[in-house]
Structure formats: structure tokens, C-alpha cells
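Here's a walk through one protein model, going from a single loop residue to the hollow spaces inside. Keep the structure open as you read.

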Amino acid sequence: MKTRIPLTPDPFWPDVIKIAIAECQEPLVPVSLAPAPLQVYPAYYKMGIPNAVPECHVRTGVYQRLLQAAQALPAGISLLLLDSWRPYGVQQYLYDTLYNALETRLPNKGAAELEQMTREFVSLPSTRADAPSPHLTGGSVDVTLVDRQGLMLDMGTQFDEASAWSHTHAFEEIAAPGVREIEVINNRRLLYGVMTAAGFTNLPSEWWHYDFGNQLWAWYSGADRAIYGATQLDSLENRWRREVEKYSVD
């Protein structure tokens, strides 16, 4: 069996957002043109989430590391990118949706406890220069594995499932795993192994979420600063405007 996934504590967000950001200005690049075995399926766009974009964009350094992780997989297995950079509106929608669902299901919980439970699976929406939501930086990715037929491997829970079993380490705690549990354990270990070997860190509450370059990555990797802050897609309109400005006359 592959190397056991370690039990890692959840991030302590008040300290995470204190980590300095030295923005390196790497651009966002689309991933859909990547060679196999790296594939893309923009899950939130396909689900019709408001403001979701029809492409997965990541920083250049993240793109290179995704390729490295994908190429380290066994033959017939591909790395599937489900989400990466996301607009603020998508982050807000995901946060509000989970918060409201928890509030409905747990009416006796106070606002502070509901926020803590929500943040276990969705980061607080933020465009603050010193504390951006991880996915707004282009350094966070949500990934899984697929077989040669394009079918997702069994990871124990669905992508984005707000469940205790979604914690990356959860199935490692089963004392006597059955056949299906062993398959899940091996699949998670395979994903964790190639992603961490490529330089990513994992968010412990989500087997699918990995980071590079942002504050969450710095927190788990021990880096003294992050290199990615909040960023935006460079629209065609903005690029044309810059070209026009080159030829402007005072």
C-alpha cells in the first residue's frame, strides 16, 4: 500500500492571514490546452453556478506543478482539474449556500459556530490585499483522479461534499477497512503523493483541495511568505486597451 496520509491539523485562519504576501506577478493561464494526463472539467460552470467561468485558470507555477503531478501517475490514470481560480462572486455563492444550508439544518447553532463550520469547507470570501480567499489567488486547485475511460476513481465522498469523510485523512482511521475502503485509501494516497511531491500542500478537511504559492500553502509548507495574492483574469478588452495606449499621443 502507498504511504499513509498524515493527520494534519486544520489551519488557524487568524495566523494564516498574517503571513506576508510578496506578489510575484505570475499570470493566470488556461489549463484546458494541457497535454494528457492532465484533464480539465470546470465543475462549477458545468453546474450552472452564478459567475463561474468556462475555463480553469491557474498561475504559471501551479500549471507546471500540475503537469508534474499528472505525469507521475501510473499509466491509464489522469489528473482531473475541477476548479482553480474563481471570481469573488463564486466564492460568495459557495459560502452563502453552505452557511444557509447549515443554518436551516442546525437552527440552534449561533452565527459564530455556523461560520466556523462553513469555513471547514469554504473559505471566507475576501478580496483583501493582505488576506485573500485562497481560490482568488490562482494558487488553489480542486483535483481528483480518473481512469482511462474518463470515470472518476472512488475517493470515498463526492467532490465538495461537506462531510467528515471528506477529510483527507479520514479513511486512514478505519481499523479494519473493507475492500471498498482500501480502494478509497489507495486512491487518496495516490493523489496526495503525486500532489505533495510536486510541491503542493493539502487542506486537511478536503481531499480534493491543494495549494501552492498562497498563504495557505505558506502556512502548511513553513514558507516565510506567500508569492500569490488575489488576482484577476486579464480580459481581452484590457489587453486591447494597453495596446492602444502604446500608440497614444500626448
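Start with isoleucine 21: its contacts, once you skip the neighbours within four places in sequence, are Ala129, Asp130, Pro132, Gln215, Ala226, Tyr228 and Gly229. Bear in mind as you look at these that the model is a predicted one. You'll find isoleucine 21 in the loop between H1 and strand E1 (28–30). Is isoleucine 21 buried or exposed? Neither, quite: with a relative accessible area of 25%, it counts as partly exposed, because buried would mean under 20% and exposed over 50%.

Two of those contacts, Pro132 and Gln215, turn up again in the lining of the second largest cavity. Here the lining is made up of Trp13, Val16, Ile17, Pro132, Pro134, Thr137, Asn214, Gln215 and Leu216. Helix H1 (13–16) and helix H7 (215–221) are the elements that give two or more residues to this lining. The second largest cavity holds about 50 Å³ of space, and its lining splits into 6 nonpolar residues, 3 polar ones and no charged ones.

Pro132 also leads us to serine 126, since the two are in contact. Beyond its neighbours within four places in sequence, serine 126 touches Tyr88, Ala131, Pro132, Ser133 and Leu136. Look for serine 126 in the loop between H5 and strand E5 (140–146). Its relative accessibility is 11%, so serine 126 counts as buried.

Tyr88, another of the contacts of serine 126, takes us to helix H4, which covers residues 88–105. This helix has 18 residues and runs 26 Å from its first C-alpha to its last, close to the 26 Å expected at 1.5 Å a residue. Which residues of H4 are buried? They are Val90, Gln91, Leu94, Tyr95, Leu98, Tyr99 and Leu102. These sit on the same side of H4, because the arc they cover around the axis is only 155 degrees. The spacing makes sense: an α-helix has 3.6 residues a turn, so residues three or four places apart point the same way. What the buried residues of H4 pack against is helix H2 (43–46) and helix H5 (111–119). For a sense of scale, take valine 90 from that buried set and go back to isoleucine 21: the two are 69 residues apart in sequence, and 23 Å apart in space from C-alpha to C-alpha.

H4 matters for the next stop too, as it gives the most to the lining of the largest pocket, with 6 residues. That pocket has a volume of about 380 Å³ and is lined by 24 residues. Nearest its centre are Tyr44, Leu94, Leu98, Val122 and Asp160; Leu94 and Leu98 are also among the buried residues of H4. By type, the lining of the largest pocket comes to 14 nonpolar, 5 polar and 5 charged residues.

Last come the enclosed spaces. How many cavities of 30 Å³ or more does the structure hold? There are 2, and the largest contains about 80 Å³ of space. Its lining has 14 residues, with Ala52, Val53, Glu55, Asp83 and Trp85 the closest to its centre. H2 and strand E4 (78–83) each supply at least two residues of this lining, and H2 has the largest share, with 3. The lining of the largest cavity divides into 11 nonpolar, no polar and 3 charged residues.

Conventions:
Residues are numbered from 1 along each chain as its sequence is written. This is a predicted model: local features need pLDDT of at least 70, side-chain atom pairs count only at pLDDT 80 or more; totals for chains, interfaces and linings use all residues. Side-chain values use heavy atoms; hydrogens and water are left out. On a 1 Å grid over the protein atoms alone, a cavity is a set of points where a 1.4 Å probe fits but cannot get out, and a pocket is an open set with protein on both sides within 12 Å along at least five of seven lines; lining residues have an atom within 4 Å of a point. Grid points are joined across faces, edges and corners, and a volume is the space filled by probe spheres set on the points. Helices (H or I, at least four residues) and strands (E, at least two) are DSSP runs, numbered from the N terminus. Ala, Val, Leu, Ile, Met, Phe, Trp, Tyr, Cys and Pro count as nonpolar, Asp, Glu, Lys and Arg as charged, and the others, Gly among them, as polar. The expected span of a helix is 1.5 Å times one less than its number of residues. Buried means under 20% relative accessible area, exposed over 50%, partly exposed in between (1.4 Å probe, protein chains only). The arc is that of the directions from the helix axis to the C-beta atoms. Contact means heavy atoms within 4.5 Å.
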